[in-house]
Structure formats: C-alpha cells, structure tokens
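This briefing looks at charged side-chain pairs and at one helix that carries some of them. The sequence and the structure come first, and the notes follow by topic.

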Amino acid sequence: MRPEDIVRNRIDRAPLPLLAGGLPWASIMLTAMVSFSPIIASAPVLPPLAFIMFLSWRILRPGLLPIWAGLPLGLFDDLYSGQPFGSGIVLWSLALLAMEVIDERFLWRGFLQDWLAASSLIAAYILLAASFAGLAAGYPLPLASGPQLLISIALFPVMTSMVAWLDRVRLIPLRRL
C-alpha cells in the first residue's frame, strides 16, 4: 500500500456516531455500577467514581453533556449508590449548574484551576450526600467522610486521564462518509 492511499483512506473517515455520543454516558453509568460491588466497610471509603467521571467529562469536554444530563445520570447513580432517592438527581444537576457558572466566570483555566473546582464540587457532593443519607438514617454521617473525601480528591487526576483516553477512543475514525 502506498502512503497516498493511507492518507486518502483517513480523509473519508469519521467517528462512529453511536460511539461518539454514547461513550460518555456509558462510561458514567458503568462507573456508577462499580459502587454496587460487594465491598463491606464500616465507614464510607469508596469514592463516588461516577460523579468524578461525570465531572471529568464535563471539564474536559464542556459541550458534550447537555445541561439536563445531571437528571438521568443522577437518577441512575441513585439506583446503584444506595443514597436516598433524589439526592443524586439534585446534587448532579446542581454540579452541572455550578460548572456552567465556573465556565462563564473563568474562561481560560488550567489543570490546577480545574482540579480546585472539581475538588470543591466533590467535597460539596460528598458532604451533602452524607447529610442526606444521615437524614434518612437518623444520625449524621459527614464526620466519617474524611478518608472518602481525600481519596476522591486524589483520584480526580487519574479519572481525568482515563476520560482523556476514552475521549481519544470515542473519536477514532471508524465509519466511511
């Protein structure tokens, strides 16, 4: 095969629409199901992986998830996380609205600013989710959320690199036009 044929084949190719549009949603839903694993702990240790994946997609590709995406994804997370029903819907929707405000306020951000914004949203999410769970259980849970909070903030760069890799996979040219 000649080099001209390789270049010509790349020009007529585009990403598969189902993969390009569905991979962010599927990856968030699959990470929501990770919390359904049979891990037994006396305190909340497992970070909210689906929420971190959700924030990573939103920070790396701001226009990819619509503003209403917090509702169905938060609902799906509520089904698997064990949180009181509706807490994920409210908190994920509020996180998307907060990211919209951050995007309007700070047009040019670096990774440290993104990490700071995500860390504050993750901390708010964990503390409010623990408060909602404490209201449902009858005793406050935010005091035991310290290790979960630290692990979640430290895990954000790892999840962001995973999302960047998934974004490259999402945009692989697989279909001829």
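How many salt bridges does a search of the whole structure find? In this predicted model, the search returns six salt bridges. The points below take up three of these pairs, a network, and the helix in which Asp167 lies.

**Arg58 and Glu100**

- Arg58 and Glu100 form a salt bridge in which the closest N and O atoms are 2.8 Å apart.
- Because Arg58 belongs to helix 3 (residues 49–60) and Glu100 to helix 5 (residues 87–105), this pair ties together parts that are 42 residues apart in sequence.
- The two partners have their own exposure values: Arg58 is buried, with a relative accessible area of 2%, whereas Glu100 is partly exposed, with a relative accessible area of 30%.
- Arg58 and Glu100 also take part in a network of salt bridges, in which they are linked with Asp103, Arg109 and Asp114.

**Asp167 and its two arginine partners**

- Asp167 forms a salt bridge with Arg61, and the closest N and O atoms of this pair are 2.7 Å apart.
- This pair links distant parts of the chain, since Asp167 lies in helix 7 (residues 146–170) and Arg61 in the loop between helix 3 and helix 4 (70–81), 106 residues apart.
- Asp167 is buried, with a relative accessible area of 11%, while Arg61, at 32% relative accessibility, counts as partly exposed.
- Asp167 forms a salt bridge with Arg170 as well, with the closest N and O atoms 2.8 Å apart.
- Asp167 and Arg170 both belong to helix 7, where three residues, or about one turn of the helix, separate them.
- In an α-helix there are 3.6 residues a turn, so residues three or four places apart point the same way.
- Asp167 and Arg170 are both buried.

**Helix 7**

- Helix 7 has 25 residues and reaches 35 Å from its first C-alpha to its last, which is close to the 36 Å expected at 1.5 Å a residue.
- A kink of about 40 degrees lies within helix 7 at Phe156, shortly before the proline Pro157.
- Phe156 is itself among the buried residues of helix 7, and others buried in this helix include Gln148, Leu149, Ser152, Met159, Thr160, Val163 and Leu166.

Key: Residues are numbered from 1 along each chain as its sequence is written. This is a predicted model: local features need pLDDT of at least 70, side-chain atom pairs count only at pLDDT 80 or more; totals for chains, interfaces and linings use all residues. Side-chain values use heavy atoms; hydrogens and water are left out. A salt bridge is a side-chain nitrogen of Lys or Arg within 4 Å of a carboxyl oxygen of Asp or Glu. Helices (H or I, at least four residues) and strands (E, at least two) are DSSP runs, numbered from the N terminus. Buried means under 20% relative accessible area, exposed over 50%, partly exposed in between (1.4 Å probe, protein chains only). The expected span of a helix is 1.5 Å times one less than its number of residues. The bend at a residue is the angle between axes fitted to the seven residues ending there and the seven starting there.
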